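Here is a friendly tour of the model you have open. Take a moment to turn it around before reading on.

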Amino acid sequence: MINRLSVLASTLAGLVLIAGTPAPAVATDDAESLYQTHCIRCHGSEIYTREDRKISSFEGLERQVQRCELSLGLQWFDENISDVAAYLNRHYYQFPR
């Protein structure tokens, strides 16, 4: 009887720990949706097409996307940053990779 109570108590304690753990953030590969939801809040596509644009490489583009993500407090996964940079590169920059 004591052994069963011990097992039951351990099981309940484990369930309480699991229930109290926040759900992990979900990674997404929908770069266009991330772009539409977050990037154009601050600027339109003219920033990517202007003649004096400051980004000159794909690596620089990834760093800029990360800076924007950090300044907005978005807490994206690294894949999200890479995916959005690839999306921007495909549609605007065409840097070799």
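Which helices each supply at least two residues of the lining of the largest pocket? They are helix 3 (46-49), helix 4 and helix 5. Please keep in mind throughout that this is a predicted model.

**The pocket**

The largest pocket has a volume of about 410 Å³. Its lining is made up of 26 residues, and those closest to the centre are H43, I47, Y48, Q64 and C68. Helix 4 provides the largest share of that lining, with 10 residues. By chemical character, the lining splits into 13 nonpolar, 7 polar and 6 charged residues.

**The overall fold and how far to trust it**

The chain has 5 helices and 0 strands, so reading from the N terminus, the order of elements is α-α-α-α-α. Of its 97 residues, 25% are buried. Among contacts with a separation of 6 or more, 68% join residues that lie 24 or more positions apart.

Confidence varies along the chain. The mean pLDDT is 80, with 70% of the residues at 70 or more. Helix 4 (residues 58-72) has the highest mean pLDDT of the elements, at 97, while helix 1 (residues 2-19) has the lowest, at 50. The pLDDT falls below 50 over residues 12-28, a stretch that makes 8 contacts in the model beyond its near neighbours in sequence. Where pLDDT is low, the predicted coordinates should not be read in detail.

**Helix 5 and its buried side**

Next comes helix 5 (residues 78-93), the home of N80. Its buried residues are N80, I81, V84, A85, A86, Y87, L88, N89 and Y93. Helix 2 (31-38), helix 3 and helix 4 are among what covers them.

Two asparagines in this helix are worth a look. N80 is buried, at 2% relative accessibility. The C-alpha atoms of N80 and A31 are 6.8 Å apart, although the two residues are separated by 49 residues in sequence. N89 also belongs to helix 5, and its relative accessible area of 5% makes N89 buried. Beyond neighbours within four places in sequence, N89 is in contact with F58, L61, Q94, F95 and R97. One of these contacts, Q94, sits just after helix 5 and takes a positive phi of about 60°.

**The cysteines**

How many disulfides does the structure hold? The count is 0. A disulfide is a covalent bond between the sulfur atoms of two cysteines. For C39, the closest cysteine sulfur is that of C68, and the 6.8 Å between them is too far for a bond. The cut-off used here is 2.5 Å, so this pair does not count as a disulfide. Seen from C68, the closest cysteine sulfur is likewise in C39, at 6.8 Å.

The surroundings of these two cysteines can be set out alongside those of the asparagines, with relative accessible area as the common value.

| Residue | Relative accessible area | Class |
|---|---|---|
| N80 | 2% | buried |
| N89 | 5% | buried |
| C39 | 14% | buried |
| C68 | 28% | partly exposed |

C68 links back to the opening topic: this partly exposed cysteine is one of the residues closest to the centre of the largest pocket.

Technical notes: Residues numbered from 1 in each chain as written. Predicted model: local features only at pLDDT ≥ 70, side-chain atom pairs only at ≥ 80, totals over all residues. Heavy atoms only, no water. Buried < 20%, exposed > 50% of the residue type's maximum accessible area, 1.4 Å probe, protein only. Helix = DSSP H or I, 4+ residues; strand = E, 2+ residues; numbered from the N terminus. pLDDT = per-residue confidence, 0-100. Contact = heavy atoms within 4.5 Å. 1 Å grid on protein atoms, 1.4 Å probe; cavity = no way out; pocket = protein on both sides within 12 Å on 5 of 7 lines; lining within 4 Å. Points joined across faces, edges and corners; volume = space filled by probe spheres on them. Nonpolar A, V, L, I, M, F, W, Y, C, P; charged D, E, K, R; others polar.
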